[in-house]
2 protein chains.
Amino acid sequence: MDRPEIILAPGPTPVPPEVYLAQGSPLVYHRGPAFGRMLREVTERLQRLYRTDRDVLIFTSSGTGGLESAVANCFSPGEAVLVPLAGYFAERFAKIALAYGLTVRTIDYQWGQTVKAADVAAALSKQPAKAVLLTQSETSTGVVHDIESIARAAKEAGALVMVDAVSSLGAVPFDFEGWGIDVAVSGSQKALSASPGLAFAAVSDAAWGAQGEAKNPRFYFDWTYYKQFFALPDPENPWTPAISVLQGLRAALELYYQDGPEAAFARHELLSRAIKEGVRALGLDLFGEDAERAWTVTAIRVPDGLDADTICARVRSDFAIILAPGQGPLKGKVFRIGHLGYYDRLDMIRGLAALEMTLERLGYPVKRGAAVAAAEDVFAQAE
Amino acid sequence: MDRPEIILAPGPTPVPPEVYLAQGSPLVYHRGPAFGRMLREVTERLQRLYRTDRDVLIFTSSGTGGLESAVANCFSPGEAVLVPLAGYFAERFAKIALAYGLTVRTIDYQWGQTVKAADVAAALSKQPAKAVLLTQSETSTGVVHDIESIARAAKEAGALVMVDAVSSLGAVPFDFEGWGIDVAVSGSQKALSASPGLAFAAVSDAAWGAQGEAKNPRFYFDWTYYKQFFALPDPENPWTPAISVLQGLRAALELYYQDGPEAAFARHELLSRAIKEGVRALGLDLFGEDAERAWTVTAIRVPDGLDADTICARVRSDFAIILAPGQGPLKGKVFRIGHLGYYDRLDMIRGLAALEMTLERLGYPVKRGAAVAAAEDVFAQAE
């Protein structure tokens, strides 16, 4: 019997039944009062999550499209940006900037290191940049960077701060206004537990100012159109959006706000800790600096003699659970367990049990139940 | 009781229950064999519909995003394109080209006129262009342009031929190879009757050649990534796609191919004729040249003393049927009935009856049942 595979990878994340029902329900026509109400409701809930009342624009695209919108809207060719590189998604942000002809200066970290505010301050004092491009949750390493302190350093140097918050918004705290962020991009298919297909960007006044002068070409992602059409009496998207995904996102946000952001953050922290203690109880080492902050995805060093890709392949073939392999230089050396989004405690237990059984099958010495017991310890202490 | 509104606008079009179920079913993880099979199956069916075995690339975006991909991938700033302008969507294609710094030369028709191959040949012989940007079904006027003859003229002048086939592919014949098309863009939410959120582009060898030299910036829509990731043993999208919409599109294509393209074209022709005869039986005039070819949407001149927007608003408020108002210079003067996609005969009857009752309520002299009778005549003759 084919059962759906169980996703324990960092996005797309599991989708609640209410969301499936909403995205499988009759389409709301994209011009008219019903759509306008839906778009406004979703936008307002996203604003609340970003902690801002600035524009939040919604695009039909992956998160990468949302990041491209920031680069296409705010810069002219040749302008300089500073990108601290410490993983796959930071590199993607840099690649987008390069594709648009920006001068990309990097701070090169080992993958798994955290970006330090002092490094950003030092780099900007040596050579100013129009903006700093940051990644909050670096999905490839699990690291959740300290955007607050880095943003402060960037603002003090007069740079705009643009944040890839794709796999972090809703899972860990974010404070667009309090941290002085200029652009923050996220997506539907991560902590919010809707289906993939929508990206969003929160935009500060300073970013709008940059947008007004920016010469990079843009049309589909041109923020101006999104703002114009949202301002209609019945708000619209300029182009026909992924209506069904938006219906699902509305249902997902409805669920999310039943308990609210603080409860969601606490849940992510708890589940993250359960996974980490479970993995450690098997004698495995976590990967990445400051792992306790890695509430969205746990990166795990593979034990000597084993291959991380093999672990992922076997967990998937034997238990229909999808873990994430290592990317780039971490391929084969690291595997990752995603715990952002619509998860609760038994989802973690299930994943850890599958990991125990798989490691044993691969010849790694496992004390059966050890990881599960460690996770139960975490849950018991939290009560 | 809130019933879903009935869409008789040219897209998004009605979605069959099978498609709703598929897009509301558990997500297929976007990296792995099951997703690879789905992406390959959808791609092959789209290739068959385009009549090509060249690459068909699938983007998470609206049709506009697919058009932008053609402009971003095939050109460098300053290169010249010829755009025959005869409606809203031709103007959009031109705007995208302008946004990317192309030199846009136009042939300016009245909205509702058909683009003539001789005009294109004359324009290109006066001033060559790298490409001609065409719109097959000009949704704003109903006109279905004769791409075959226009493309021939363009090819003879050495220009690439790029076609917006968003609201036409699957509803009217298309022949990518036979007509010598270089890029043809379409979308999920039109004749194929899936939900909006996916666009596709078929790409010729010559277009790939242009892509290799083109300097316009691109990342999210960069065709190279889509081709690379499709070539994996389990085909993928480069960025996380709108998986649920793709699941729906697979189900929609499954339905579409139960009868196949020829049956779909014949159905579109028949329903179009029924609407046109029904409208004429009410004494209304069709808008647009060569209206018999307008199989996707019928544009109707509003009777003297009435306003087209009012007709649309009343049909929607009184009967929950969504017609499309006139765009641009046709606002208030023209309204449109969409009949592309998942429609059958009684859907047309229902729409005509609502139109009859609405016109009567607005004081226009209506012989009750006249439009419906005319449509029934068309259906009877077709048996």
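## A tour from one strand pair to the whole assembly

Start by selecting Val163(A), and you will find that this residue stands opposite Ala184(A), which belongs to strand 7 of chain A. Keep in mind throughout the tour that what you have open is a predicted model.

Now widen the selection to strand 6 (residues 160–164) and strand 7 (residues 183–187) of chain A, which run parallel and are joined by three bridges. Next add helix 6 (residues 147–156) of chain A, which lies across strand 5 (131–135) and strand 6 of chain A, and look along strand 6 to see that the helix runs at about 155° to this strand.

From here, select the whole sheet to which these strands belong: in chain A, seven strands form an open sheet in the order 2-8-7-6-5-3-4, with mixed pairing. As you move your eye across the sheet, follow how each strand is turned against its neighbour, for the twist averages 20° from one strand to the next. Which strands stand at the edges? They are strand 2 (55–60) and strand 4 (103–108) of chain A, and each has a single partner strand, so one side of each is left without a neighbour in the sheet.

The next stop is the division of the chain into domains, so colour residues 17–258 of chain A as domain 1 and residues 261–381 as domain 2, following the domain assignment. The C-alpha centres of these two domains of chain A lie 28 Å apart, and the contact between them takes 23 residues from domain 1 and 24 residues from domain 2. If you select the side of domain 1 that touches domain 2, you will find ten nonpolar residues, twelve polar residues and one charged residue.

Finally, bring chain B into view and select its contact with chain A, which takes 43 residues from each of the two chains. On the side of chain A that touches chain B, helix 1 (17–23), helix 3 (63–74), helix 4 (88–99) and helix 9 (243–259) each supply at least two residues, and by class this side has 22 nonpolar, 17 polar and four charged residues. Of the interface residues of chain A, 100% are also interface residues in chain B, so the copies meet through the same surface.

To see how the chains are arranged, note that a rotation of 180° with 0.0 Å of shift along its axis superposes chain A on chain B, with an RMSD of 0.0 Å; the two copies are thus related as by a two-fold rotation axis. End the tour at Gly24(A), the residue of chain A that comes closest to the rotation axis, with its C-alpha at 2.1 Å.

Conventions: Residues are numbered from 1 along each chain as its sequence is written. Chains are lettered from A and ligands numbered from 1 in the order in which they are written. This is a predicted model: local features need pLDDT of at least 70, side-chain atom pairs count only at pLDDT 80 or more; totals for chains, interfaces and linings use all residues. Domain bounds come from an automatic or database domain assignment. Two residues are in contact if their C-beta atoms, placed from the backbone, lie within 7 Å. Ala, Val, Leu, Ile, Met, Phe, Trp, Tyr, Cys and Pro count as nonpolar, Asp, Glu, Lys and Arg as charged, and the others, Gly among them, as polar. Helices (H or I, at least four residues) and strands (E, at least two) are DSSP runs, numbered from the N terminus. Copies are superposed by least squares on the C-alpha atoms of residues with pLDDT of at least 70 in both. Two strands pair if DSSP finds at least two bridges between them. Axes are lines fitted to C-alpha atoms, for helices over the stretch in contact, and angles run from 0 to 180 degrees between N-to-C directions.
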